[in-house]
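The exercises below concern a protein with bound ligands. Each one states a task and then works through it.

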Amino acid sequence: MLDLAIIGGGPAGLSAGLYATRGGLKNVVMFEKGMPGGQITSSSEIENYPGVAQVMDGMSFMEPWNEQCMRFGLKHEMIAVEQISKNADNTFTIKLEGGKSEQAKAVIVCTGSAPKKAGFKGENEFFGKGVSTCATCDGFFYKGKEVAVLGGGDTALEEALYLANICSKVYLIHRRAEFRAAPSTTEKVKQNAKIELITEASIDEVYGDQKGVCGVKVKLKDGSIRDLNVPGIFTFVGLDVRNEILKQDNGSFLCDMCEGGQVKVNLKMQTNIAGLFAAGDLRQDAPKQVICAAGDGAIAALSALAYIESLH
Ligand code: FAD
Ligand code: NAP
């Protein structure tokens with residue numbers, strides 16, 4: 001029986017692991033299906049984490065987290081969790097990919113969020129063949145070429161700036177005239193000569209051949225279509241929370257959820273189910289920032305420590 005199972009190894013899960021093990025829990029496993037680090041590892045730069053003055057890419061930024069957060073005995077199992085359920089004796093069953101399962105006294109869910117699909121024609125067909133949601137991963141393939149970016153939030157604008165350093169030109173397509181991104185980022189984009197703004201516009205279709213994307217048809221405000229001959233399109237249209245593992249066999253969720261699918265928690269990151277906690281991007285009203293996810297993870301671990309102590 002595990003003392004604590006942590007699901008997800010992003011900033012929230014790693015911080016929860018650090019606080020739980022440093023707080024004295026011996027048998028703590030973090031189930032993370034990939035390498036620990038979370039979605040920030042796909043970011044080209046992070047500059048707003050206090051105490052880290054140097055601007056760095058997300059992968060380098062997260063590197064020391066693993067070493068530090070595992071130092072006090074946190075174990076990482078590289079496997080996907082399929083479902084969490086509660087047992088009659090108040091313990092939890094963690095169903096793992098491949099048919100195995102584990103039991104735990106308490107669980108912290110930190111499964112974060114994942115890029116949303118934009119919903120245009122050709123998006124699924126050409127995903128991985130010219131349609132991408134990660135500029136750091138795929139930007140280099142378009143060195144010296146023209147690309148398009150879709151979205152008007154922080155991610156779209158920051159990644160457009162990153163791509164402008166590699167590509168010959170970036171078309172930034174956004175459905176409104178105003179951007180949602182931070183004013184300082186928006187200003188940098190507007191000042192960048194390599195970025196052309198195409199606002200109040202939507203993607204009608206991404207087309208291509210067996211090799212991949214050949215172009216993007218953009219529907220402009222006046223209804224006309226502009227054809228951009230680009231081999232790559234990066235979409236950054238927001239995030240969906242990853243809450244699937246809380247779904248029970250009867251289709252209901254294990255704990256109370258918000259309408260948008262986020263987990264309802266109180267200030268201690270407790271759900272309405274004793275022993276079940278949620279932290280990071282997955283929880284209600286999450287500001288979707290690394291520092292907030294890390295703070296949530298620490299709070300959830302302290303609450304889990306108190307809960308496990310109360311069982312004795
Ligand atoms: P995540 O980072 O999403 O981590 C969740 C982890 O859970 C993932 O590693 C995933 O593999 C794992 N997981 C999910 N489901 C399962 C499962 N069933 N079984 C096992 N493992 C699972 N924030 C900032 O503060 N500053 C920035 O500059 C910034 N830039 C960003 C740029 C980009 C491109 C993106 C995408 C995000 C950016 N963010 C930034 C936001 C920040 O990355 C997130 O707020 C933060 O990573 C959330 O942490 P988390 O631990 O809650 O979730
Ligand atoms: P976001 O803030 O939700 O922005 C999504 C953008 O995509 C919006 O501009 C939206 O348009 C547009 N959009 C949504 N659906 C669309 C569709 N189907 N077709 C076309 N456009 C669509 O998402 P995000 O930029 O990924 O950011 C997510 C969170 O992480 C935010 O809280 C953000 O602040 C945070 N983040 C922070 C940093 C940072 O601190 N430096 C960096 C990255 C992300 P509308 O504007 O019209 O709604």
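**Exercise 1. Ligand 2**

Which residue places a polar side-chain atom 2.8 Å from an oxygen atom of ligand 2? Place this contact in the surroundings of ligand 2.

Solution. The model is predicted: local features need pLDDT of at least 70, side-chain atom pairs count only at pLDDT 80 or more, and totals for chains, interfaces and linings use all residues. Residues are numbered from 1 along each chain as its sequence is written, chains are lettered from A and ligands numbered from 1 in the order in which they are written, and side-chain values use heavy atoms, with hydrogens and water left out.

Step 1. The residue is D154. Polar contacts are pairs of N or O atoms within 3.5 Å; within protein, one must be able to donate a hydrogen and the other to accept it, and residues adjacent in sequence count only if both atoms are side-chain atoms.

Step 2. T155 also has a polar side-chain atom by an oxygen atom of ligand 2, at 2.9 Å. A118 takes part through its backbone, where a polar atom is 3.1 Å from a nitrogen atom of the ligand.

Step 3. The protein buries 75% of the 910 Å² that ligand 2 exposes when taken alone (Shrake-Rupley areas with a 1.4 Å probe; for residues, only the protein chains shown count as cover).

Step 4. Ligand 2 is surrounded by 20 residues, the closest being N48, D154, E158, R176 and R180 (a residue is near if one of its heavy atoms lies within 4 Å). Helix α4 gives the largest share of this shell, 3 residues.

**Exercise 2. The sheet under α4**

Determine the strand order of the sheet and locate helix α4.

Solution. Step 1. The order is β8-β15-β9-β10-β11, an open sheet of 5 strands with parallel pairing. Strands pair if DSSP finds at least two bridges between them; helices (H or I, at least four residues) and strands (E, at least two) are DSSP runs, numbered from the N terminus.

Step 2. β8 (131-132) and β11 (195-199) are the edge strands, each pairing on one side only.

Step 3. Between β9 (residues 146-150) and β10 (residues 169-174) there are 5 bridges in the parallel sense, and L150 stands opposite I173 in β10.

Step 4. Helix α4 (residues 154-166) lies across β9, β10, β11 and β15 (232-235), at about 165° to β10. The angle, from 0 to 180 degrees, is taken between N-to-C directions of lines fitted to C-alpha atoms, for helices over the stretch in contact, where contact means heavy atoms within 4.5 Å.

**Exercise 3. Strand β5**

Identify the partners of strand β5 and its turns.

Solution. Step 1. β4 (residues 81-86) pairs with β5 in the antiparallel sense over 5 bridges; Q83 has K95 as its bridge partner.

Step 2. β5 also pairs with β6 (residues 101-109), again antiparallel, over 4 bridges, with E102 as the partner of I94.

Step 3. The β4 and β5 hairpin has 5 residues between the strands, and N90 there takes a positive phi near 75°. The β5 and β6 hairpin has 4 residues between its strands, with G98 in the turn at a positive phi of about 95°.

**Exercise 4. Ligand 1**

Describe the surroundings of ligand 1.

Solution. Step 1. The side chain of E32 has an N or O atom 2.7 Å from an oxygen atom of ligand 1. For Q289 the corresponding side-chain distance to an oxygen atom is 3.1 Å.

Step 2. The protein covers 92% of the 1,000 Å² of accessible area that ligand 1 has on its own.
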